[in-house]
Structure formats: structure tokens, C-alpha cells
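Hi everyone, thanks for coming. I'd like to walk you through a structure that may be new to you, so please have a look at it first.

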Amino acid sequence: MSENQSSYRQIFKATSIFGGVQFISIIISIIRSKFIAILLGSSGIGIMSLLQNGIDVIANVTNLGLTTSAVRDISEANDSNDYNRLSRTLTSFKRLLWATGLLGMITTLILSPWLSLWVFGNDQYTWAFAILSVTLLINAQTNGKYTLLQSMRKTKWMAQGSIVGGVLGLVISIPVYYLYGIKGIVPTLILSSIMSLLLNWYYTKRIKFSSSDISFKTSLKDGGKMIKLGILITLSAFISMITNYFINIYISRTGSLADLGLFQSGFNIANKYVGVVFFAITADFYPRLAGINTDNQKVKLLVNQQTELSLLIMAPILVLLLSTTPIVIQLLYTKEFLQTLPYMQWISLGLLFRTLSWTMGFIVLAKGDSKLYLFKEIIMNFINLACNIIGYKLGGLEGLGIAFFISYLLLFIFVYWLVYSRYEYFVSKDCTSVFVIQFIICIIAFLFTKIMGFPTGYISGGILFIASISYSYYMLNKKIDIKSYIINKSGRNK
């Protein structure tokens, strides 16, 4: 097997694994939501969401983005085959996790009266926030262990942990809510945190390494770049949150809450369809890229391979979404939400450009170029905000869909210019041809559904879906030899 074929197979394997995980997780989430809705009612779900959101805000600020930034350092140390360097990096990371976890717990404990007042408008939930403060320390350790699995590229363990964790969460929560109702919310959140920690500990204990004998001061010095990048990641996440907040406020005040609900529901449906690809990119591709970030030629090759396979998997999903949108909307929501149809059609086109900009954007993160990363995020959020405001003002809900398409087209151009000028990255001929062919198929599917509508669009869409998936299969077979890949996998599983 050639090195290129091996790399393609690794990408395909990761996407397949995490695709299955996402599918199972969605089913578990639906079952859990149904039971919780019955046992707690709408008010109970509201209380649980507000408590969790309040804790998440503190966690996102105090964790300093370590679990994302550390992937780069650990992956790079692991790929260097320098055991002392890896031990030293992991020791620094573990100590920083304890520091940020304690910071989050103490901050929540101190702010618990104000959190109750800000979130609920009264002091009745002060003790709930105070008790839940311990989850910030527990979750810091849990997320740290997940980061270790991700950095070491233990995809099977990550997948198993996600599925088992989802099932155990279901098994734990339902009896507690059945017995105690709303009073069981806080105990369930704590038990779920402990269970997740134990589960991740079970997998990470298999990874053998010795702690490095360095002082905490040295750990802080070694982790300086990790902390700096992490803080900028946290800041960029905050900027994104503020951007989305302004977009939501603009839609609700300029238009209506109904439009805002349709906007959010349409985006959520599209994300459920394509989330598998983006999840796989984050979970497997990012640590692989971080491990080779100093070699621009290897970076260019891996990014093109990941982009190519992502497009081959993504395009048929988008053609299917374009062709069955009315069915999907009514399956997940009601006929009232069919108003999102034009919005979702434009989103489907834009998601192909999002795939391109998403994979290329990881180059900056993997390089640890913190200032450039923040600059990229600021410009991207500005483009997103401007396009959505102009789009909604000129075209309403469909204008938001057009804005999504235009914004990710502009983002692709911007990010491509950035990584080309900074790291000499360019899209390969193979990747370009895959994009052009699949984009043409998507455009035709889009035009057919726009011009002829439904149910005629189901037939034309079905034909185009067959064309898209056939082309994807043909190209995937060239890259990974699907038949021998399946035979090899079947042989290993016997």
C-alpha cells in the first residue's frame, strides 16, 4: 500500500467511525430528550438548560482554551518520537488543567449568588450553582483526558467512549429524574460529570507515560505558548458568540421572533446533516495536522487529502438534502417550518465552501500562529455579521440563506489568500476537479428544486444524488481501493 493510499484510508476510517458515533449519539439524544420532557416537563428542561448554560459560560472563560490549544503541542511532541519531550508536555498540561479547573470551581463558588440572580432573576438557585461548581474541576480533568486521546489519535477509544458515555448518561439520568423530578437535576449533572471522568480515565490509563520532574514554574513557562494560543481561542469563541448574538438580536428586532426561530431551526437541520464531516475533521484531522505542522509540504499534502475526501463525502449528503428538504423539515419539525426551504437550499450550496475554508483554517491553528489566528477569526466574524445583516434587510429569510452562501464564498477566498501567502499552501488539481464536478451537480440540483419545486424535485434530485454518489464512489475507490479496504477490515474483525 502506498503512503498516499494509507493516508486517504486513515481519513476515510476516521470519518466512518465518527459518522457512526454521531448517528448513534443523535438517537440516544432523541430518546433522552423524550424521557426528560415527560419526567421534568418544559419548566424542568428550562431550569436544567439555564443551570448548564450558566456553568458553561464560566467554564469557557476559565479553561483558557487549553483543551484545543494543547492538541497542537501534544501531537507535535508525540510525532517527534522524543519521549522526554512528550512527558514534559503532558506534565505541564496536567498541571495547567488542575489550575484552570480550580479557577473555574472557585470562580463559580464565589459568583453563585450573582449567577442565580443573573440567570434566574432571584437567589433561589445559589446553592445549586455552588454545588455544581465542583463539575468545573471534574470536567476540566475529563476534557483533558479526551484531549490526550485525541492528540494520540486513539479514534477507536474516543468513539467507544462517546457511545458508552451516551448510554450511561441515559441510564443514570432517567431513574434519578423519575424518582426525584426537578430536584434530581443537580445530582444528575454531577453524576454525569463523574461518570464521564471515570470513563475517560479508563481509556487514558492505557497510555503509558512517566511524569516529568519539573517545577510548576517551569510548567507554566513550558505551557506559555499553549496558554497564549488557548486564550486567543477563548477570545475568538467569545467574538463568535457576540457576533451570533447581534445577528439574532437584529433578526428579532428588525423582523420577528418567528423569523429568528425559522433561521435557527433551518441551520440546525443542515448542521445535523453535515456535522459528521466537520466532527471527523476536528477529532482526527487536527491532531494529525498539528503533528506535522513544521513541514509545509506535508501540511499541503494532508490538507488537500482531507479536503478532497471531505468533499466526496459531503457533496452527496448536500444533494440529498437539497432533494428532500421538505420531507426532512416535516419529519423534524412541522409544516409551519417549510418556510425555511429557500433558506436551507442556499445553505446547502454554501456548505461546500465552508468545507474548503474549514480544512484550510486548521493550518493556522496547527501552526500555533496565535496572532494570525485571532486576525482570521475577527475578519471571518465581521464578514459573517455584515453578510447576514445585509442579506436579511434585502431578502428576509431567503436573504439569510444567500448571505450564508456569499459569506462562506468570501471566507474561502480570504482564508485561501491567508494560508497561500503565509505558508505557500495551494489547492491541488485533484481537489479542484472534485470540487468543480460536485459543485456543478449541487448547482443543478439547486436549480431544479428552485425552478420545478416539489414533488418534481424529488425525482430530479434522486437522479442527481445517484450521479453525485457514483462519482464519489469512483473517486474514493481510486484513492483507497474500497474492495480491498472492506476485505482487510472484515479480516481484522474476525
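I'll begin with the whole chain and then turn to one helix.

A word of caution before anything else: this is a predicted model. What is the chain built from, in terms of helices and strands? The count is 16 helices and zero strands. The radius of gyration of the chain comes out at 23 Å, close to the 23 Å that the globule rule gives for 494 residues, so the chain is as compact as a globular protein of that length. If you follow the C-alpha trace along its principal axes, you cover about 60 × 55 × 50 Å.

Now, inside and outside. Of the 494 residues, 51% are buried. On the outside, the chain exposes about 23,200 Å², and 66% of that comes from carbon and sulfur atoms.

How does the chain meet itself? Take the contacts between residues at least 6 apart in sequence: 84% of them join residues at least 24 apart.

As for charge, there are 41 positive side chains and 20 negative ones. The centres of these two sets lie 5 Å apart.

Let's go to helix H14, which runs over residues 429–452. At 1.5 Å a residue, its 24 residues should span 34 Å, and the end C-alpha atoms are 34 Å apart, so the two agree. Which residues of H14 are buried? Among them are Cys 431, Val 434, Phe 435, Gln 438 and Phe 439. Further along, the buried residues include Ile 441, Cys 442, Ala 445, Phe 446 and Thr 449. Just after H14 comes Gly 453, with a positive phi of about 70°.

Thanks for listening!

Note on methods
Residues are numbered from 1 along each chain as its sequence is written. This is a predicted model: local features need pLDDT of at least 70, side-chain atom pairs count only at pLDDT 80 or more; totals for chains, interfaces and linings use all residues. Side-chain values use heavy atoms; hydrogens and water are left out. Helices (H or I, at least four residues) and strands (E, at least two) are DSSP runs, numbered from the N terminus. The radius of gyration is taken over C-alpha atoms; the globule rule is 2.2 Å times the number of residues to the power 0.38. Buried means under 20% relative accessible area, exposed over 50%, partly exposed in between (1.4 Å probe, protein chains only). Contact means heavy atoms within 4.5 Å. Accessible areas come from the Shrake-Rupley method with a 1.4 Å probe; for residues, only the protein chains shown count as cover. Lys and Arg count as positive and Asp and Glu as negative; His and the chain ends are not counted. The place of a charge is taken as NZ of Lys, CZ of Arg, CG of Asp or CD of Glu. The expected span of a helix is 1.5 Å times one less than its number of residues.
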